[in-house]
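Please open the structure in your viewer and keep the sequence panel beside it. The tour below goes from the whole chain to single side chains, one selection at a time.

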Amino acid sequence: MKSLTLNLLSIAIFSFVLFSCSPEDDGIYFDENSEIYDENNVSYCPLETEILTLVNQHRASLGLSNLSNLNIVSSVADGHTNYMIESGKISHDNFDQRTQALMNKANAKSVAENVAFGYSTAKGVLEGWLNSESHRQVIENPNFTHFGISTNTNESGRNYFTQIFIKK
């Protein structure tokens, strides 16, 4: 019995270490006096525009309302995409900072995000998200009203994605 308890404790600790988010900073500091993002200089590449369109088409096929694109959300997403590229891993590190920033600057009532890596097409990344229960639930959440997107490539030409959804 003692051996079983030790094994279960070891598995629990290993799982926590393996799956807990890193406390690393993604370089996004938000406070009431600083605006390190620039929502006025957000532009969308064709891949990002197609992702936004495909998400709304999917939602419409389910009878859900279209989401409005919000530049401030894309700007915050861009900071996280760049962080993931710099760290070389996909993550939700510092999600609480992004959430607080969007609550403060975009009047968000709730926030969720989907991240991905390696897809080369908008259709591919959307299908990847839709094939994941937790990612699909974010996309199909009827309470969200706005969203933003960021994609960027690493030195090897592989794409990283951050899509953030908010309810205003």
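Begin with the whole protein chain in a cartoon view, where the secondary structure comes to 6 helices and 4 strands. This is a predicted model, and if you follow its chain from the N terminus on, the elements run in the order α-α-β-α-α-β-α-α-β-β.

Next, keep the whole chain selected and switch on its surface. About 9300 Å² of the protein chain is exposed, and carbon and sulfur atoms supply 53% of that area. Of the 168 residues, 40% count as buried. If you then display contacts between residues at least 6 apart in sequence, 72% of these join residues that are at least 24 apart.

Now select helix α5, which covers residues 122-130, and show its side chains; the buried residues here are Ala122, Gly124, Val125, Leu126, Trp129 and Leu130. What do the buried residues of α5 pack against? To see the answer, add the helices α2 (46-61) and α6 (133-139) to your selection, and then the strands β2 (110-117), β3 (146-153) and β4 (159-167), since the buried residues of α5 pack against each of these elements.

From there, turn to the charged side chains, for the structure holds 5 salt bridges. Side chains of opposite charge can pair when their charged atoms come close.

Select Asp93 and Lys89, which form a salt bridge whose closest N and O atoms are 3.3 Å apart. How accessible are the two partners, and is Asp93 buried or exposed? Asp93 has a relative accessible area of 1% and is buried, whereas Lys89, at 31% relative accessibility, counts as partly exposed.

Move on to helix α6 and select Glu133 together with Arg136, whose side chains meet in a salt bridge at 2.9 Å from N to O. These two residues are 3 apart in helix α6, so about one helical turn separates them. An α-helix has 3.6 residues a turn, so residues three or four places apart point the same way. Both ends of this pair are partly exposed, Arg136 with a relative accessible area of 25% and Glu133 at 44% relative accessibility.

Finally, leave Arg136 selected and add Glu140, because the side chains of these two residues also meet in a salt bridge, at 3.6 Å from N to O. Glu140 counts as partly exposed, at 22% relative accessibility. With Glu133, Arg136 and Glu140 all displayed, you can see how salt bridges that share partners join these residues into one network.

Note on methods. Residues numbered from 1 in each chain as written. Predicted model: local features only at pLDDT ≥ 70, side-chain atom pairs only at ≥ 80, totals over all residues. Heavy atoms only, no water. Buried < 20%, exposed > 50% of the residue type's maximum accessible area, 1.4 Å probe, protein only. Contact = heavy atoms within 4.5 Å. Areas by Shrake-Rupley, 256 points an atom, 1.4 Å probe, with all protein chains shown as cover. Salt bridge = Lys/Arg side-chain N within 4 Å of Asp/Glu carboxyl O.
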